[in-house]
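Please open the model in your viewer and keep the selection panel at hand, as this tour moves from one selection to the next.

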Amino acid sequence: MFTRIVRWIDERMMVSPLWRDIADHPVPAHTNPSERVSAFVYCFGGVTFLLIIAQFVTGMFLAMDYVPDITNAYNSTKYIMDHVLFGEQLLSMHNWGSTLIIIMVTLHMLRIYWMGVYKKPRELNWLVGVTLLLIILTFGFTGYLLPWDEKAYFATQVGVSFVQYVPFIGTALYEIIAGGQTIGAATLSRFFAIHVLFLPALLLTFLGLHFLMIRRNGITGPY
Amino acid sequence: MAGKQPQKAGWTRRDFFNWVLNVTMGVIALLVAVPAVGEAITPAFAKTKPLWVRLGLASKLQAASLSAGQGGVGSVVKASYTYTALDHWVQQPASDYAYLRYIGGSCPFYILSPICTHLGCHVDWVPSSSQFHCPCHGSIYSIDGLNVSGPAPLPLGVFRWKLVNGEIRIAREDTFTGAYQRQGEAPKQPCLMVKQA
């Protein structure tokens with residue numbers, strides 16, 4: 001059945017070789033944990049990617065019942081936790097997933113650093129990776145405000161206040177990020193737009209670049 | 001997956017690892033999918049409790065109904081009320097009205113929802129003909145709320161009500177009319193007074 005569907009599509013589109021190129025190719029033995037268990041360090045990036053997919057799915061469904069508005073952000077979050085079927089689990093997955101991503105992405109970066117993977121010819125991919133790290137941290141920072149509870153509010157107050165210490169343009173930067181003189185309605189809708197529209201677009205673009213460059217340069221080692 | 005050596009027949013080490021990987025990924029996908037689908041299908045399973053709202057003092061509404069009617073028989077009066085509507089997570093003040101009539105007996109008030117069962121317009125009470133007329137598509141209901149003419153498929157909704165300290169409270173329900181919905185053109189007036197425990 002499945003084979004017949006694939007053959008039907010292949011007769012018209014010939015996608016099988018593309019799929020083989022993208023996903024179904026052997027990895028070197030020294031990076032395969034089923035050959036050598038210690039090779040699990042090569043999986044940190046892939047695990048991060050899986051977690052990102054989970055964040056996309058849980059986030060899309062959470063957005064069904066969330067509104068970025070200062071009177072209802074908290075209420076709708078509470079509604080998800082109290083009244084939506086498995087809502088608390090969904091919210092927790094998104095919450096814990098974000099923490100796990102930051103842990104995995106840090107481990108991934110440490111492996112790259114310690115194995116010297118950033119050296120020529122992979123400097124560009126290192127730069128893309130650092131950009132991805134910044135994007136992911138911004139995801140975490142903007143997402144933290146969205147429940148609009150006290151912790152979220154004051155954490156964002158502190159976080160955004162850091163930029164006031166930038167010489168000359170500090171105040172202007174603060175107002176651009178907060179959307180005004182104080183953390184309020186404009187901050188929330190700004191952070192929401194950044195969290196669900198701008199950052200996912202950036203993340204997908206840079207992930208695409210990241211993976212393309214891995215395919216071009218290949219995997220390092222064995223050492 | 002192309003190996004260096006030709007594949008051995010049967011259950012190989014590679015098959016085993018592939019199986020473990022697929023099962024693990026499947027479990028993870030399920031763990032994400034179950035709450036995600038739950039979020040999407042929640043509305044189909046949501047049960048709302050009736051919201052009891054204050055309609056007004058029974059003595060005043062009784063007097064109003066009697067003075068609208070003749071010879072000790074009550075007629076229909078419009079009873080406006082305000083309440084706090086809870087729309088999922090949004091709480092906000094709302095207002096509406098009901099058509100109340102004093103009918104005496106053990107269930108002295110007969111309270112109708114003004115929502116037309118055709119497409120949801122508010123019907124008007126026409127005292128000269130003792131009928132409810134819908135301004136949208138001309139549905140006509142009798143004084144008991146039975147659909148006698150026009151496109152309305154069902155009689156008007158009837159509010160369940162109860163007396164609390166001399167005050168009438170009506171139950172706004174999760175139906176199209178916001179009240180108890182009679183399914184046929186049953187001629188009898190359902191008494192929907194809820195006795196206090």
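Begin at the place where the two chains meet, bearing in mind that this is a predicted model: select the residues of chain B that are in contact with chain A, and you should have 16 residues of chain B, set against 20 residues of chain A. Within that selection, colour helix H1 of chain B, residues 13-45, which gives the most to the side of chain B that touches chain A, contributing eleven residues. Colouring the side of chain B that touches chain A by residue class then shows twelve nonpolar residues, three polar ones and one charged.

Next, select the whole of chain B, where the secondary structure amounts to two helices and ten strands, arranged along the sequence as α-β-α-β-β-β-β-β-β-β-β-β. Turn chain B along its principal axes, and its C-alpha atoms will be found to fill a box of roughly 105 × 40 × 30 Å; the radius of gyration of chain B is 28 Å, whereas a compact globule of 197 residues would have one near 16 Å. If you now colour chain B by burial, 25% of its 197 residues count as buried. Displaying contacts in chain B between residues at least 6 apart in sequence adds a further view, since 46% of these join residues at least 24 apart.

Finally, move to chain A and select its helix H1, residues 2-12, which is hardly covered, with a count of zero buried residues among its eleven. Following H1 of chain A, stop at A:Met14, where phi is positive, near 55 degrees.

Methods. Residues numbered from 1 in each chain as written. Chains lettered and ligands numbered in written order. Predicted model: local features only at pLDDT ≥ 70, side-chain atom pairs only at ≥ 80, totals over all residues. Buried ≥ 20, exposed ≤ 12 C-beta atoms within 10 Å, placed from the backbone. Helix = DSSP H or I, 4+ residues; strand = E, 2+ residues; numbered from the N terminus. Rg over C-alpha atoms; globule rule 2.2 N^0.38 Å. Contact = placed C-beta atoms within 7 Å. Nonpolar A, V, L, I, M, F, W, Y, C, P; charged D, E, K, R; others polar.
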